[in-house]
Amino acid sequence: MASDETATEVLTPDFESYQVAETVSAVDSDGRILTVDWSDGRVSRYHAIWLRNNACDPVTFNLDTREIALSPLDLPEDIRIATCELAADDVIAVRFAPEGHDARFDAAWLRLHDYSNGGRQDDAAVEKVFWTTAECPEPPSFDGSDILNDRDTFAAFLTAVASHGLARLRGTPAEPGFAEQLASHIGVIRDNNFGRIWNVRVEPGSGSNAYTSLELAPHVDLATREYQPGLQVLHCVENTTRGGRAMMIDGFRVAEDLRTEEPDAFHLLATVPWHLSNRATDTDYRWNAPAIVLDAAGAIVEVRSIYFLRGPLNAPFDLVEDLYAADRLLHARLMDPQYRMLFDYLPGDLMLFDNRRILHGRKAFDAAEGRRWLRGCYLEREELESALRMAARRRRTGANT
Ligand SMILES: [Fe+2]
């Protein structure tokens with residue numbers, strides 16, 4: 001049971017093809033709701049107006065672009081299901097009143113968009129795994145030697161980034177152009193004032209501690225921006241130094257532990273904005289955001305922690321001392337070895353990580369004894385999510401493109 005994109009009739013309002021194991025046992029309607037009984041016993045329900053909005057025909061959709069052609073005002077307020085029947089090939093035919101409009105629905109599409117039984121799961125949804133170093137001592141690692149052609153490894157690599165916040169490719173070409181190649185293979189690179197692709201190596205006078213041999217405290221990049229980059233690529237072209245160990249911390253794990261063990265501190269850090277400022281000679285980026293950003297449901301969506309790019313705190317007077325105390329608790333955890341993953345970059349290693357979740361830093365190294373050269377760039381989380389949905393679509397359809 002599947003829609004066939006090569007068939008004349010278009011049965012789904014998108015460019016996908018759907019298959020499910022279950023078949024339709026019966027369909028019925030009381031005029032307002034279509035009820036579908038499935039072979040596994042599930043009963044799904046769909047409102048008439050929802051069905052009319054998703055009817056896959058040239059009146060409702062532009063079938064070239066699959067964008068909706070019907071405005072909300074074109075949906076009859078008194079829409080009803082006049083008739084419904086199970087047609088051949090698990091297609092459900094519906095006639096709407098008062099228009100007399102006929103539509104045919106692919107049963108597999110209906111099954112996978114069943115909002116009456118908990119809703120549809122996003123194809124890019126990956127269960128998050130929060131980690132300490134005991135649970136995740138090394139980055140999840142994958143063979144990068146043919147990563148631009150190896151779709152299965154590429155999808156597994158991206159899935160690990162979605163779950164653990166970071167993953168490593170080993171054995172990629174240790175060439176200056178590879179960071180850009182790999183990032184472009186995921187999606188669109190985010191440009192910024194440090195350059196579309198930038199170098200992390202000793203460059204005197206560059207205006208950033210990143211471009212020295214100094215230790216870098218764990219931080220997230222570009223927290224001074226309204227929309228902080230969601231992903232970061234770091235690719236090792238050369239490393240002949242001793243020292244300079246990379247460190248990465250799961251900021252979501254630290255923040256969740258803080259929520260459990262220090263709830264008052266967590267509340268302050270999640271509600272009172274810090275002033276962030278990059279203090280450069282030729283740009284002046286600033287933003288205000290709490291150190292821990294929650295969504296409407298209370299889930300942690302960002303850890304915006306970079307103390308060395310904070311401007312003067314501009315918080316309510318009575319909260320200042322408590323906020324500093326809460327910040328001390330957060331930073332004590334960021335110094336705690338149980339959260340600090342340490343590893344060395346070998347030439348050809350590439351790290352991809354969530355820049356709004358994973359804090360990164362490094363130990364100091366001696367610039368006189370060797371060279372350490374990383375190339376990096378940013379993308380947004382939505383590029384990872386789009387790539388994961390396309391990988392899921394290819395698995396469903398068996399398509400090669
Ligand atoms: Fe950084």
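This passage describes the pairing of strands in two regions of a predicted model.

In the N-terminal numbering range covered by strands E1 to E3, the model contains an open sheet of three strands, arranged in the order E1-E2-E3 and paired in the antiparallel sense. The edges of this sheet are formed by strand E1, spanning residues 24–29, and by strand E3, spanning residues 43–47, each of which pairs on one side only. Direction being ignored, neighbouring strands of the sheet are turned against each other by 20° on average. Strand E1 is joined to strand E2, which comprises residues 33–38, by five bridges, and these two strands run antiparallel. Within this pairing, Ala-26 has Asp-37 of E2 as its bridge partner.

A further set of pairings involves strand E13, which extends over residues 231–239 and is mostly covered, seven of its nine residues being buried. Strand E13 is connected through five bridges to strand E20, formed by residues 350–354, and the two run antiparallel; in this pairing, Val-233 has Leu-352 of E20 as its bridge partner. Strand E13 also pairs with strand E22, made up of residues 372–379, again in the antiparallel sense and over eight bridges. Here Leu-234 is placed opposite Gly-376, a residue of E22. In general, the strands of a sheet pair through hydrogen bonds of the backbone, in either a parallel or an antiparallel manner. For the mostly covered strand E13, the antiparallel sense applies to the pairing with E20 and to the pairing with E22.

Definitions and conventions
Residues are numbered from 1 along each chain as its sequence is written. This is a predicted model: local features need pLDDT of at least 70, side-chain atom pairs count only at pLDDT 80 or more; totals for chains, interfaces and linings use all residues. Two strands pair if DSSP finds at least two bridges between them. Helices (H or I, at least four residues) and strands (E, at least two) are DSSP runs, numbered from the N terminus. Axes are lines fitted to C-alpha atoms, for helices over the stretch in contact, and angles run from 0 to 180 degrees between N-to-C directions. A residue is buried if 20 or more other C-beta atoms lie within 10 Å of its own, exposed if 12 or fewer, and partly exposed in between; C-beta atoms are placed from the backbone.
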